[in-house]
Structures are given as C-alpha cells and as structure tokens.
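Colleague: Could you give me a close look at one part of this model? Pick a helix and walk me through it, then add a word on the sheet if there's room.

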Amino acid sequence: MQADHFDQQKLLALAAEDVALAQLAHRRRTLPEHAAVAEAEDAQRAFSADVVRAQTEVRDLDREQKRLEADVDTVRARSARDQQKLDSGAASPKEMTSLQQEMESLARRQGDLEDQVLELMERREAFDATLATAQTGLDGARAQQDEAEGRRDAVLAEITEGEQEHGAKREEIAGTVSAPLLALYERVRTQTGGTGAAALHARRCEGCRIELYGTELAAARNADPHTVLRCENCNRILVRTAESGL
C-alpha cells in the first residue's frame with residue numbers, strides 16, 4: 001500500500017491520542033474511589049442490618065414489657081378487689097382465709113411479673129445502646145459514602161473532560177489522513193486492541209518493542225518513503241522518522 005509520507009507521520013499523533021484515551025479508560029475502570037464507595041456501601045449494609053436487628057429486638061421487648069405490665073395491672077386489680085372484700089367485713093371466715101391465700105399468691109405473682117419487667121427493661125437498655133452504636137456507624141458510613149462519591153465524581157468529571165479533549169483532537173487528526181490509510185489504521189487498531197501504528201525508532205518497532213533484523217530491516221531501508229511498512233511481529237503500521245536508524 002502506498003500513502004503520502006506526511007500522512008503516515010500523522011498516524012503517530014493519532015496513535016498518541018488513542019494511547020491517551022486508553023489510559024483514561026483504564027483510569028476510569030480502576031479508580032480507587034470506586035473501591036472506597038463500594039467499601040462504604042458494604043459498611044452501610046452491615047450497619048443497616050445491625051440497626052434492623054436492634055430495632056426488631058427493641059420492639060419485641062417493648063411488646064413483651066407491655067404484656068407483662070398489663071398482667072401486673074390485672075394482678076393488682078384482682079388483689080385490690082380481694083382487699084376490698086376483706087375490708088368490707090362481709091366475707092365469712094372461710095372466704096376470708098381463701099381471700100388471704102389468694103392475695104398472698106397474687107403478691108408472689110406480682111413480684112415475679114415485676115422482676116420480669118425489670119429484667120426486660122435492663123435488656124432493652126442494652127439493646128438501646130446497641131442500636132445507638134449501630135445508628136452511629138450507619139451515619140458514619142453514609143457520610144463516608146457521600147465523601148467517596150464526591151471524590152469519585154470529581155475525578156470522573158476530570159476524566160470525561162480529558163476524553164472529550166483527546167477525542168476531539170483525535171477526530172481532528174483523523175480528518176486530515178487519507179481515507180485508505182485511515183481505514184488500514186483503524187483495522188489494525190481493532191486487531192491489536194491498542195494502536196494501529198508505531199514509530200520505527202532506532203530500528204525497533206515502538207509498538208511491540210521488537211528490533212528489525214535481516215531482510216525485514218533491509219526492506220525497510222530500501223522502501224520508498226511513501227510505501228506503508230508493517231511490523232512483521234505486531235502487524236502495526238511502521239512509521240519512519242529521522243530517528244528510525246535506517
């Protein structure tokens with residue numbers, strides 16, 4: 001393939017823009033800020049689960065406490081009725097004995113229930129502390145995520161700006177390259193997954209870093225300046241310059 005020598009030189013500038021764009025794409029994928037955001041999200045999920053567990057336990061304890069307090073109220077009401085009967089003097093000696101025994105039983109029951117209420121209150125106090133700790137952790141994780149997302153978004157905006165700048169420059173350069181040569185460059189770039197051209201510097205392909213020897217070197221030396229050379233190793237277009245060492 002033949003192409004103007006100066007058009008071939010433009011491929012190096014085009015390749016430089018492709019390298020810059022590839023570096024920006026790699027930076028976008030591997031931002032440490034992504035990991036920081038993910039870490040904060042994991043922490044949020046963990047603390048959120050802790051908060052839910054503590055809230056569930058507190059609600060369960062509250063329900064149990066209300067049930068026990070209702071039982072205490074029932075026992076107190078029954079004991080008050082029995083005391084009222086005793087105080088009225090209307091009960092027979094047998095009924096008085098029965099009422100006194102029942103009141104003693106009710107007093108023991110009330111004591112047991114009140115002990116259980118106190119135990120529940122202590123447990124609730126402990127879970128209140130657990131809930132407060134989990135909520136503090138959750139708030140901290142949310143703040144960390146906001147901060148990490150802010151840093152990430154700032155860097156992503158910078159990367160986007162760079163991509164736009166290099167993309168526009170690439171488009172400008174590509175518009176000055178002849179269509180057949182540009183088509184070849186793009187095809188090779190797709191094949192290599194990087195750039196479609198590389199400088200021949202000191203008899204070495206700067207794309208694959210392999211030095212030319214023997215017949216390949218002789219062919220490069222003797223080729224017409226407008227002949228498009230290809231690297232036998234990486235298949236890139238070899239662009240000759242004053243530093244090619246030929």
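Modeller: Here's a look at one helix, followed by the sheet. Keep in mind that this is a predicted model, where local features need pLDDT of at least 70, side-chain atom pairs count only at pLDDT 80 or more, and totals for chains, interfaces and linings use all residues. Residues are numbered from 1 along each chain as its sequence is written, and side-chain values use heavy atoms, with hydrogens and water left out.

The helix is α3, residues 93–174 (helices are DSSP runs of H or I, at least four residues, and strands are runs of E, at least two, numbered from the N terminus). M103 sits in α3 and counts as buried at 15% relative accessibility (buried is under 20% relative accessible area, exposed over 50%, partly exposed in between, with a 1.4 Å probe and protein chains only). From M103 to T160 you go 57 residues in sequence and 82 Å in space, C-alpha to C-alpha.

D112 is also found in helix α3, but D112 is partly exposed, at 43% relative accessible area.

Now the sheet: it's open, with 4 strands in the order β2-β1-β4-β3 and mixed pairing (two strands pair if DSSP finds at least two bridges between them). At the edges are β2 (204–205) and β3 (229–230), each pairing on one side only. β3 runs antiparallel to β4 (residues 237–240), joined by 2 bridges, and R230 stands opposite I237 in β4.
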